[in-house]
Amino acid sequence: VDWLPTQLTTVSVNAGRSIQDSAVPGAAAYLATDVRGRVDHELLRNVILTAQVGYGKDKYTGITREDRRTTAGLGASYLLNRTVGISANYSYTKQETRKGVGANFEDQRFGATLTIQY
């Protein structure tokens, strides 16, 4: 679902549920449920800011295991002209196993991109 509260701002909400193959011994598949929200704002004609959050839950079949995941991110894009742009972003992911045995982890990523299009 996309909502445009102003001509410069877009708010998006996505939700999904799917069955995925599992690499965990004893579980052939898992049910993945994900909800994500994102806001894009055109600060200037050539500067776009982005913020996003998400939540996910994976429930495994055949074993007692349930993973929960939270995500967040920030980004900015600067369009130098019609063909060249640069962007920078930060993303954070935290996964916890609530039931069963699994590895908890946190992941932080920084990235920069140069885009050339024509």
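**Exercise 1. Start at β1: how is this strand joined to β2, and is β1 buried or in the open?**

Step 1. Strand β1 runs antiparallel to strand β2 (residues 9-21), and three bridges join the two. Strands here are DSSP runs of E with at least two residues, helices are runs of H or I with at least four residues, and both are numbered from the N terminus. Two strands count as paired if DSSP finds at least two bridges between them.

Before going on, a word on the model: it is predicted, so local features need pLDDT of at least 70 and side-chain atom pairs count only at pLDDT 80 or more, while totals for chains, interfaces and linings use all residues. Residues are numbered from 1 along each chain as its sequence is written, and side-chain values use heavy atoms, with hydrogens and water left out.

Step 2. Look at the turn: a hairpin of two residues links β1 to β2. One bridge pair to find is T6 with its partner T9 in β2.

Step 3. Check the cover. Zero of the five residues of β1 are buried, so the strand lies largely in the open. Buried means under 20% relative accessible area, exposed means over 50%, and partly exposed is in between (1.4 Å probe, protein chains only).

Step 4. Take L4 as an example from β1. L4 is exposed, with a relative accessible area of 57%. Setting aside neighbours within four places in sequence, L4 is in contact with T9 and T10, where contact means heavy atoms within 4.5 Å.

**Exercise 2. Work out the order of the strands in the sheet, and say which strands stand at the edges.**

Step 1. Count the elements: the protein has seven strands and zero helices. Along the sequence the pattern reads β-β-β-β-β-β-β.

Step 2. Place the strands side by side. The seven form an open sheet ordered β1-β2-β3-β4-β5-β6-β7, with antiparallel pairing. β1 (2-6) and β7 (105-116) are at the edges; each has a single partner strand, so one side of each lacks a neighbour in the sheet. From one strand to the next, the twist averages 15 degrees; the axes are lines fitted to C-alpha atoms, and angles run from 0 to 180 degrees between N-to-C directions.

Step 3. As background, strands of a sheet pair through backbone hydrogen bonds, either parallel or antiparallel.

Step 4. Zoom in on one pair. Strand β3 (residues 29-44) and strand β4 (residues 47-60) run antiparallel and are joined by 14 bridges. Within this pair, D40 has T50 of β4 as its bridge partner. D40 also gives a link back to Exercise 1: its C-alpha lies 9.8 Å from that of L4, although the two are 36 residues apart in sequence.

**Exercise 3. Compare D58, Q95 and N46: which accessibility class does each belong to, and what does each touch?**

Step 1. Begin with D58 in strand β4. D58 has a relative accessible area of 5% and is buried. Its side chain makes a polar contact of 2.9 Å with that of R69. (A polar contact is a pair of N or O atoms within 3.5 Å; within protein, one must be able to donate a hydrogen and the other to accept it, and residues adjacent in sequence count only if both atoms are side-chain atoms.) Beyond four places in sequence, the contacts of D58 include Y30, L31, R65 and D67.

Step 2. Move to Q95, in strand β6 (residues 84-99). Q95 is buried too, with a relative accessible area of 11%. The side chains of Q95 and D67 share a polar contact of 3.4 Å. Beyond four places in sequence, Q95 touches residues including R68, R69, A103 and F105.

Step 3. Finish with N46, in the loop between β3 and β4. Its relative accessibility is 24%, so N46 counts as partly exposed. Leaving out residues up to four places away in sequence, N46 touches S77, Y78 and L79. The C-alpha atoms of N46 and D58 are 38 Å apart, with their positions 12 residues apart along the chain.

**Exercise 4. What are the radius of gyration and the box of the whole protein?**

Step 1. The radius of gyration is 18 Å, whereas a compact globule of 118 residues would have one near 13 Å. This radius is taken over C-alpha atoms, and the globule rule is 2.2 Å times the number of residues to the power 0.38.

Step 2. Along the principal axes, the C-alpha atoms fill a box of roughly 55 × 30 × 25 Å.

Step 3. Add the burial total: 20% of the 118 residues count as buried.
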